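Please examine the structure shown here, first for the packing of helices and then for enclosed empty space.

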Amino acid sequence: MQTGTKISAIAHVTLVGWALFGGTFRSEPLPFEVQDVSVISAEEYAALFAPTPAPVVSDAPSDLQEPPKQDDEVKVPEQTEVQQPRPEPVTPPEPQPAPETQPEVVVDTPDPEVVEQTPTLVQPEPEVVALPVPPGKKPKPRPAEKVAPQPVAPPPPEAKPDEVETPPVADEKGADTPREQQEQTAPEEATDQIVTEAEQSKELAPDRSPRPPSKRPQRSEPAQTAEVEKPAEPTKPVAEDKPSSSTDDAVKDALAEALGDAQQSDTTPSGPPLTGGEKDALRVAVSNCWNVGSLSTEALKTTVVVSVTMNRDGTPVTDSIRMLESSGGSSGAAKQAFDAARRAIIRCGAKGYDLPADKYDQWQAIEMTFNPERMRIK
Amino acid sequence: MMKFLTSLFLGAALLAAPAHAQGQPLRIVIDEGVIEPMPFAVPDFVPDSAAAADYAREISRVISADLTGTGLFREISSDAFISRVSSFEAPVQFADWKAINAQALVTGAVNVSGNRLSVRFRIWDVFSGAELGSGLQFAGTTDGWRRMAHKVADQVYSRITGEGAYFDSRVAFVSESGPKDQRRKRLAIMDYDGANVQYLTDSSSIVLAPRFSPAGDRLLYTSYESGTPRIYVLDVNRVQRQVLPTQEGTMSFAPRFAPDGKTVLYSLAQGGNTDLWRMDISTGNSVRLTSAPSIETAPSYSPDGSRIVFESDRSGTPQLYVMPANGGEATRISFGQGRYGTPVWSPRGDLIAFTKQNKGRFHIGVMRIDGSEERLLTASFLDEGPTWSPNGRVIMFTRETQGASGQSSLYSVDISGRNLRPVRTPDGASDPSWSPLQN
C-alpha cells in the first residue's frame, strides 16, 4: 500500500513538474529584434506622420537635364550662341588687290615617310553611360554640342570629360593607408536631338507648317500624262531572258556540286554564337565613335557596308578595313561615309572591343553596315 | 558558251572555297551615331625663314578659326600637343596625335620671298594614318595671306566633309551707325568672317539690300539718292556704279541677278501697285512678269534660272509663291501661320530660306521648294533677310534688338539650326549678301 502510494506520489510530482517546467528544456531561444529607441517630442512626432503630398507631374525636364547655371531666362537667343573672336583690325579702303593675291600654283609635294607608333597612354575601358528616362512624358531635349543616341546630363564643373565616369578621390588626412588621388571624370554632355533657337521658344511660335508635307494637290496634266504613257515599256524578247536564267541555274548547280558538303559543314564558324547582348555591346561601342556631325548632307544619305578583320585581343586590323558596298550617294559621298565609319572602328577599337575570347571564330571577320538614316532626322 | 561560263565560275568558286570555309562574317548594323564637332589640330605652320614666322603663325590661326566657326570641328589647344612639328617633310608621329584624340591634322609650311608668299600643306586622317588627298601649295602676295589661309581651310573642310567650301568668300552689307531714328547707312564689303571691311558708298543717302552678281564682281543695290528708290549696279573692284534705267516716276527696288548675270529681277511700284519685272542689263529693256493687283516683291531665281520664288500678298497676307522664269501661273508654297517674306533659293537648289513673322516673333527658316518640311532655325524680336553661303550649308541674316537703342547686327546659323553665332562688324550691320567663292 505504501509502495503504491509512493509510486503514485512520485508519478504525480513528475507529471506536475513536467507541465510546469517542460518549456525550460527547449534548446533554442526564440528569435528577437533589438531596436534603438529615441525619445522625440510631440512636434517631431506630428511632423513625422504628417501626410506627404502626392508627386507633381511636370512637363518640364527633370533637374538633371538642366544646365548647371541656367537662370530663369533660358530662352534668350544668346544662350546658344558661340562667341567668335574679334576680326582683324579694319584696313583702310583701297582697291582690291585681286590679281596679285590669286593663289596661282598648285603643286603636289612629295610623300613623306609615315611612322606608326602604338599609343602608350593607358585609358580606362569605355562604358556606356545613360541616364534613366523618367516614366511618362519624354523630357524636352536640351541644346548641347554633342548629339548622341542617349542624352547625358551635364558633367560637374570640375570634372574632366571622359568616356567613363570616375568619382574624385582625395587623400584623407589621418587615414591608415594613403589613397591615390584620382581626378573626377564624367561623360561629355549630350542631347539626343538638335534643338534650334526657334524650337526653344515653342510657346511663342509654331515650328512647322500644319500642312501635311506630301499631300499637295497636283494639277492634272492629261496631255503630258498621255505623252508619258505612250512610249510603252519595250517588251523584251523572251529569248533574251532564257539564256541568262538557264546560265544562272547551271552556275548555281555547278557551285552547289563543287562545294557540296564542304559548304554545309565549314561555313558555320566553330564555337557558340555571340549572344544578342554581346552583339549589342559591339554595336553600341562602335556607335559611340561614329561621328556623322561633319558629314555632308549627301554622305548622310549614303549607307556603307564595311568589312574588318579582328585580332584576338579585340582590336581591329586597320589595314583590313574595306568598303564592300555603298548605296544612296555618289562615290565621293560614299568615300566620306566610309572614312567616318573607318574612324569609328579604329577609334573605339583602339583598346580592343569587349568580345568573348572563346568565340573568336565568330567575330574574327565582321561586316558592319553603317546606315545614317536615323541620324538625318536628329 | 554556257559550258565555258560554268567552268569559269566553277574555278572561281573553288579558289574562293578556302576563304569561304573560314566562316560567315559577323554582321551588325550601326544606325545610331553621334553628332559632335570633330577634334582637329593645326600646329603652327613651319616658317622657312624668320620673315615668314608671323605669317606662318597667323595663317594657322585663321585656318583654325575658319574650321571651328563651322561648328563641325573642335580645335585641340596647342597646350595639349605631344608632338611638335618642326619640319614639314618630317614623318608624322600619329601615335602622339591619337593620344590627344586629334582626328584630323593639318601640317604646313610658309615661305616668304620679297612680297611673294607661298603656303604648302597636308591634311592627315590621324586614326587611319593616311593622308586625305594630296599636298597642295598656294602662292600669292603677302597682302593676300588671309585669302590663302581661307583657301587652305576650304580644302580641309571639303576633303573631310565632302561639302563645297565657303571660307574664301565675301559678304556685302549695309553698315549702320547712329541712333535708330537718324541712322546713317553705307554700303560695305568684308571677308566672310568680318575681316577686311571696306566701305563702297558714303552715308549721304539711304542704301538698301545689296545683292552680289553670280561672279561676285558686281553688286546691285537700292539707293534713295534721287529721292525715290532706284537700283544701281556697282563694280566691286573699281568701285564704279551706274543706275539702271527704269521708268520716271516709279519706284524700283528689291533687285536680284539672274544666274547668268545678264538680267536683273526687280520690283517696280507704279500707281499704287507693285509687280515683278525683268531687265536686260546690256539693253535696259524691261519685261513685266506679274500683273496682279497685289504686291509682288523679293524675287529670287532658282540656280538653274528656270523658276522664281517671290513674296506676294495676293491671298491676303504675305506668302511665298513659285512661278516660271518667264512669268505665268504662280504656285503658293507657304501655308503655315503668320507672314512669310524675303525668300532666297539655295545655291544647291533644294531649299528656300525665308523670313517668317508669327505671334510677335521673327524667324529665319528653310523649306523644300514645294513648301514641305518647313523648319524654323531662329527666333527673336526681329530676324530677317537671309542669304546663303556659297555651299548652301550656312545662312547669314540680320538680327535687330528691341528698343530705341536697338542695334542691327549680322548672325549666321547652320541649316540644321545649330551653331548660331554673331558675325563681328565694326558698327551695326544689316542686309547681308554672301558672294560666291572667289577664284
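The paragraphs below treat a helix pair and then the cavities.

The model is predicted. In chain B, helix α2 (residues 53-69) and helix α4 (residues 145-161) have axes that come within 8 Å and cross at roughly 45°. Angles under 35 degrees count as roughly parallel and those from 65 to 115 as roughly perpendicular, and α2(B) and α4(B) are therefore oblique to each other. The crossing of α2(B) and α4(B) has a right-handed sense.

The contact itself can be followed residue by residue. From α2(B), the participants are Tyr55(B), Glu58(B), Ile59(B), Val62(B), Ile63(B), Asp66(B) and Leu67(B). They meet Trp145(B), Arg146(B), Ala149(B), His150(B), Val152(B), Ala153(B), Val156(B) and Tyr157(B) of α4(B). By class, the residues of this contact comprise 11 nonpolar, 1 polar and 3 charged.

The second topic is internal space. Rolling a probe the size of a water molecule over the atoms reveals where empty space remains. The structure holds 2 cavities of 30 Å³ or more, and the largest cavity has a volume of about 40 Å³.

Which residues line the largest cavity? Chain A supplies Cys289(A), Asn291(A), Ser294(A), Ala340(A), Arg343(A), Ala344(A) and Arg347(A), while Met38(B) and Gln103(B) come from chain B. Helix α8 (residues 331-348) of chain A gives the most to this lining, with 4 residues. Sorted by class, the lining of the largest cavity contains 4 nonpolar, 3 polar and 2 charged residues.

Conventions
Residues numbered from 1 in each chain as written. Chains lettered and ligands numbered in written order. Predicted model: local features only at pLDDT ≥ 70, side-chain atom pairs only at ≥ 80, totals over all residues. Heavy atoms only, no water. Axes fitted to C-alpha atoms, helices over the stretch in contact; angles between N-to-C directions. Helix = DSSP H or I, 4+ residues; strand = E, 2+ residues; numbered from the N terminus. Parallel < 35°, antiparallel > 145°, perpendicular 65-115°, else oblique. Left-handed = near helix turned anticlockwise from the far one by under 90°. Contact = heavy atoms within 4.5 Å. Nonpolar A, V, L, I, M, F, W, Y, C, P; charged D, E, K, R; others polar. 1 Å grid on protein atoms, 1.4 Å probe; cavity = no way out; pocket = protein on both sides within 12 Å on 5 of 7 lines; lining within 4 Å. Points joined across faces, edges and corners; volume = space filled by probe spheres on them.
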